[in-house]
Amino acid sequence: MLTVFNWPITVAPAFVIWGLLWIGQRTVFLYSWPKHLRAIDLATFVTWWSIESMTFQIWHQSILAPILLMFVLWGIGIALYQGFVRETFETRKFWIM
C-alpha cells in the first residue's frame, strides 16, 4: 500500500487532480476531449486511492474492496428484481437506480 502521505493530505491531491482535469477539459483539451468523458470520471481513480490510503493508515485494513463488492451485489440484486419481479428490465432505469 502506497502510504507516502498522511491521510489528511491524501484528500488534497484528489481535489487538485480533479481541478486540473476540469480546467484542462474546458481550455486545453476543448476540441480533443471525448464528449462522453467527464473530468470527475478520471478523478474517481484518485479518490479510490485516497480512500484506500486513509482506511489503511487509520484502521490498518482495506475497506475499498468490500465497498466495491457491495456495489456489485447491489447491481445484481437490482437487475434480478427488475428482470424477474417487475419483468421489465430497462437499462436506463437500472443505471439510474
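Author: Buried means under 20% relative accessible area, exposed means over 50%, and partly exposed lies in between (1.4 Å probe, protein chains only). The model is predicted, so local features need pLDDT of at least 70, side-chain atom pairs count only at pLDDT 80 or more, and totals for chains, interfaces and linings use all residues. Residues are numbered from 1 along each chain as its sequence is written, and side-chain values use heavy atoms, with hydrogens and water left out.

Reader: OK, what makes His60 count as exposed?

Author: Its relative accessibility is 60%, and the cut-off is over 50%, so His60 counts as exposed. His60 sits in the loop between helix H2 (39–59) and H3; helices here are DSSP runs of H or I with at least four residues, numbered from the N terminus. His60 also has a positive phi, near 60 degrees, though His60 is not a glycine.

Reader: And Glu87, buried or exposed?

Author: Exposed: Glu87 has a relative accessible area of 63%. Glu87 follows H3, in the loop between H3 and helix H4 (91–96). The phi of Glu87 is positive too, near 60 degrees.

Reader: How do you know that the length of H3 agrees with what a helix should span?

Author: The expected span is 1.5 Å times one less than the number of residues. For the 22 residues of H3 that gives 32 Å, and the end C-alpha atoms are 31 Å apart, so the two agree.

Reader: Which residues of H3 are buried, and what covers them?

Author: Leu64, Gly75, Ile78 and Gln82 are the buried ones. They take up an arc of only 65 degrees around the axis (directions from the axis to the C-beta atoms), so they lie on the same side of H3. Their cover, by contact (heavy atoms within 4.5 Å), includes H2 and H4. On the face turned away from that buried side, H3 carries the exposed Leu73, Phe84 and Val85.

Reader: Why is Leu80 called partly exposed?

Author: Leu80, in H3 (residues 64–85), has a relative accessible area of 44%. That falls between 20% and 50%, so partly exposed is the right label. Ile23, in helix H1 (residues 11–26), gets that label at 47% relative accessibility.

Reader: What makes up the nonpolar patch on the surface?

Author: Leu69, Val72, Leu73, Ile76, Leu80, Tyr81, Phe84 and Val85 form the patch, with about 820 Å² of accessible area together (Shrake-Rupley, 1.4 Å probe, only the protein chains shown as cover). Patch residues need over 30% relative accessible area and no salt bridge, with nonpolar side chains joined within 5 Å and like charges within 9 Å. A salt bridge would be a Lys or Arg side-chain nitrogen within 4 Å of an Asp or Glu carboxyl oxygen.

Key
Helices (H or I, at least four residues) and strands (E, at least two) are DSSP runs, numbered from the N terminus.
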